[in-house]
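User: Can you walk me through this one? I'd like to know how the pieces pack.
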Amino acid sequence: MQPAATAMSLLLNQPTPPAQVPDGSAAPLPASSYYYALERLERRLFEMNAEGTHALHELLQAYICGIEEMHPGIHCVLLLRRGQKLYPFACGSIASGFMDSLADGVDIADNTGTCGTAAYLRRMVVTTDISKDARWDAWRDHALAHQLRACWSTPILDNTGEVVATFGMYYHDVKAPSSLEENTILRAVHLLQVLLDNQRRAEQLHLSHMRYELLSQATHDAVWDWDIASDNCDYNSAFETLFGYGRDRTKNVWSDNLHADDRDRVLGGLFRARQDPAVFTWEMQYRFHRADGRIANVLDRASIVRDGSGQAIRMVGAMQDITPIKEAELELQHLSLIAKETVNGVIMTDAEERITWVNKAFTDITGYTSAEVLGRKPGDVLQGPQTRPHDRRCVRKSLAARESFTCEMLNYNRSGAPYWVEIKGQPVRNQRGELEYYFAILTDITEKKKLEQLVIEEKIEAQKEIAKAIINTQELERSEIGKELHDNVNQILTTAKLYVENISYYPAQGAEFVARSCALLQRSINEIRYLARQLVTPVLNDIGFRATIDELIAHYLSLGTFHVDFRYSLGERKLPRELQLTLYRIVQEQLNNIVKHADATSVELTIGIDSGHLRLAISDNGKGFDPGKTARGVGLKNIRNRADVYHGQLRLQSAPGSGCHLTVDFPVPQKARAQPSLRFPDSD
């Protein structure tokens with residue numbers, strides 16, 4: 001804190017030694033010198049304030065010390081208001097200990113010292129004797145501890161009448177203000193009011209300018225400021241970012257690059273807005289040429305600043321690039337046209353899943369008009385008693401998670417008739433990722449569902465037929481085995497029994513009868529072994545598919561009726577066991593047919609990959625037959641049924657005297673696709 005004796009000298013920029021009284025203390029200025037000194041103090045304060053090089057606190061500190069120099073024994077304090085309290089801002093020679101006691105603020109209320117009461121009452125308050133004034137009950141000890149006996153305080157108001165500060169004077173003696181001191185107080189309050197108000201305005205202007213600069217830097221819009229008198233227009237950096245023109249190329253850059261079809265409309269509208277004193281805003285959409293030749297759609301808004309006569313002197317505005325919005329609007333128009341004309345139903349719902357729009361196809365599918373469904377939830381309108389709970393849960397789960405979904409659902413139209421639809425739902429979100437609405441496309445798939453059901457029923461019926469054929473085949477096989485046992489094995493065993501019985505009657509021929517019985521018994525064993533082989537499932541996993549087929553071929557070769565040429569090209573790749581068994585049974589069935597009916601001497605058997613299929617081919621040089629007459633035999637039925645189970649395609653070629661060629665093509669199992677192709681004999 002500067003000494004009071006030098007503060008005024010510093011402020012006035014010249015020495016002003018105070019007068020002395022006999023006890024050595026400073027004497028008050030005479031009236032003739034007082035007014036002169038006060039005027040010089042105030043004038044110098046305003047000059048220093050105008051220079052703009054001194055902080056407000058520095059100016060007020062020096063001013064207060066100057067007042068103390070003019071009125072020896074007085075101690076001045078300026079308290080600023082923040083909220084509902086007053087806080088120290090500037091002071092002169094008053095004890096620092098007392099000022100520290102005010103650091104937490106003085107409440108603006110009645111009976112809270114002289115300053116707090118003055119701010120509360122909004123008028124000057126004079127306390128001539130602090131020790132006896134009830135308004136100092138809470139602060140008396142602090143004041144008396146620093147020998148302060150009197151205090152006068154005046155509120156400082158802003159131009160709206162609100163208290164912004166208080167100016168107080170303290171004395172060490174019990175005292176009321178003199179006329180000169182009252183004059184100093186009134187003039188100081190007025191001067192401080194002007195300085196504080198100017199400071200507030202400067203701060204507001206600085207804040208406004210700072211906000212403008214920050215806004216210009218932060219916004220994506222091209223902010224412009226047009227001084228109409230000088231015809232100078234400034235742009236922020238976003239102007240170059242959006243449109244490609246440097247800020248040093250702003251002379252006529254705006255008017256020169258308006259789209260030719262929009263220029264007259266825009267310039268005319270701008271001129272009319274400027275000329276009408278009642279208009280304070282201007283807004284227009286237009287097209288604007290970017291520096292790279294592309295065209296931008298612009299929304300331009302501005303405020304018009306007018307002088308006292310209503311003349312436009314300035315315009316401040318912002319150019320917003322709305323090209324993406326315009327493109328989205330155009331796309332939305334196209335989508336809207338598609339939605340109206342498509343045969344698929346379209347529903348739009350809000351974030352609460354309530355219908356906001358449906359197209360005509362929705363009405364055609366459901367029978368409900370737009371007015372009947374708006375504001376309702378789709379599930380409440382369209383679902384019914386046979387709608388599957390699983391489908392409902394799937395849709396609800398997707399809606400709750402704000403996810404897209406696709407499902408098939410049984411709905412009900414307005415008349416209560418059920419129909420099937422495929423629903424494709426899609427959420428639409430705003431830039432913050434929040435759900436704005438859902439739209440769903442409904443495709444009537446009732447006929448598709450009917451066809452699918454028909455196919456399912458046909459498959460079930462086909463399976464029933466296959467099962468029936470298998471059962472019939474099994475019964476026929478049992479019947480054939482029964483006949484073989486009765487007509488063949490039983491007769492052989494009966495003959496062997498007779499030979500054994502005749503030994504007692506013809507002992508001399510016993511050895512011959514025993515030999516014949518043994519031969520018949522061996523023949524019976526062979527027959528039973530043959531029948532068992534037809535029934536028992538081959539042990540494919542033990543010796544492998546190729547070895548199992550080789551063993552089967554060896555059995556037929558042992559009969560000595562024909563030769564077999566076997567070609568196998570599947571290598572080590574294993575087929576599914578069930579398919580292996582099917583191939584085995586088909587080979588077995590066809591070789592049985594050849595044994596029984598063909599009188600063949602040569603058979604060709606091939607298993608391999610050909611033309612993208614797993615192919616089984618069996619050919620013989622037997623007597624052949626007419627497929628039209630015998631194709632419905634039990635053996636061929638067995639082969640066809642087994643092939644159908646694995647989607648095999650059977651082809652049979654034969655004619656009397658030309659042998660027989662049987663081919664069955666199966667879809668290639670995944671594991672067998674890499675095998676090399678094997679060329680088969682032509683079947684045509």
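User: Start with α19. Which strands does α19 lie across?
Analyst: This is a predicted model. In it, α19 lies across β17 and β18. The helix runs at about 170 degrees to β17.

User: And α20, what does that touch on the sheet?
Analyst: α20 packs on the sheet and touches β18, β19 and β21. Its direction makes about 15 degrees with that of β19.

User: What's the strand order in that sheet?
Analyst: The order is β17-β18-β19-β21-β20. It is an open sheet of five strands, and the pairing is mixed.

User: Which strands stand at the edges?
Analyst: β17 and β20 (649–654). Each has a single partner strand, so one side of each is left without a neighbour in the sheet.

User: How much twist from one strand to the next?
Analyst: The average is 10 degrees.

User: How many bridges join β20 to β21?
Analyst: Six, and the two strands run antiparallel. As one landmark, Q649 stands opposite D665 in β21.

User: Back to α19. How far does α19 reach, end to end?
Analyst: From first C-alpha to last, α19 reaches 20 Å over 14 residues. That is close to the 20 Å expected at 1.5 Å a residue.

User: Which of its residues are buried in α19?
Analyst: F545, T548, I549, L552, I553, H555 and Y556. Seen down the axis of α19, the buried residues fall within an arc of 150 degrees, so they line one face of the helix.

User: What follows α19?
Analyst: G560. Its phi is positive, near 75 degrees.

User: Now the interior. How many residues are in the largest nonpolar core?
Analyst: The largest nonpolar core has 34 residues. Those with the most contacts inside it are I594, L605, L614, L616 and F666.

User: Which elements supply at least two residues of this core each?
Analyst: Among the helices are α19 (545–558), α20 (577–598) and α22 (634–645). The strands include β17 (563–568), β18 (602–610), β19 (613–620) and β21 (660–667).

User: Which one gives the most?
Analyst: α20, with eight residues.

User: What does I594 touch, not counting residues up to four places away?
Analyst: I594 touches F562, D599, A600, V603, I618 and D620.

User: Q590 is in α20 too. Is Q590 buried or exposed?
Analyst: Q590 counts as buried because its relative accessibility is 4%, and the cut-off is under 20%.

User: What is Q590 in contact with, leaving aside neighbours within four places?
Analyst: I618, D620, I639, C660 and L662. I618 and D620 are also on the I594 list.

User: What about a second core? How many residues?
Analyst: There is a second, separate core of 33 residues. It includes I74, I185, A188 and L196.

User: Switch to the sheet with β12 and β16. What's the order there?
Analyst: β13-β12-β16-β15-β14. It is an open sheet of five strands with antiparallel pairing. The edge strands are β13 (355–358) and β14 (405–412), and each pairs on one side only. The twist averages 25 degrees from one strand to the next.

User: How do β12 and β16 pair?
Analyst: β12 (345–350) and β16 (435–444) pair in the antiparallel sense over six bridges. V346 has I441 in β16 as its bridge partner.

User: Which strands does helix α15 touch?
Analyst: α15 (389–400) packs on the sheet and touches β14 and β16. Its direction makes about 130 degrees with that of β14.

User: Next, α10. Which residues of α10 are buried?
Analyst: D262, V266, G268, G269, L270 and A273. What covers them includes β7, α9 (253–256), β9 (281–289), β10 (295–306) and β11 (312–321). α10 itself (260–275) has 16 residues and reaches 24 Å, close to the 22 Å expected.

User: Last topic, backbone. What is the phi of N111?
Analyst: It is positive, about 60 degrees, although N111 is not a glycine. Most residues other than glycine have a negative phi. N111 is found in the loop between β3 (106–107) and α5 (113–121). Its relative accessible area is 43%, so N111 is partly exposed.

User: And where does D231 lie?
Analyst: In the loop between β7 (222–227) and β8 (232–235). Phi of D231 is near 55 degrees, a positive value in a residue other than glycine. D231 is partly exposed, with a relative accessible area of 40%.

Definitions and conventions. Residues numbered from 1 in each chain as written. Predicted model: local features only at pLDDT ≥ 70, side-chain atom pairs only at ≥ 80, totals over all residues. Heavy atoms only, no water. Core = buried A, V, L, I, M, F, W, Y, C linked by side-chain atoms within 4.5 Å. Buried < 20%, exposed > 50% of the residue type's maximum accessible area, 1.4 Å probe, protein only. Helix = DSSP H or I, 4+ residues; strand = E, 2+ residues; numbered from the N terminus. Contact = heavy atoms within 4.5 Å. Expected span 1.5 Å × (residues − 1). Arc of directions from axis to C-beta. Pairing = 2+ DSSP bridges. Axes fitted to C-alpha atoms, helices over the stretch in contact; angles between N-to-C directions.
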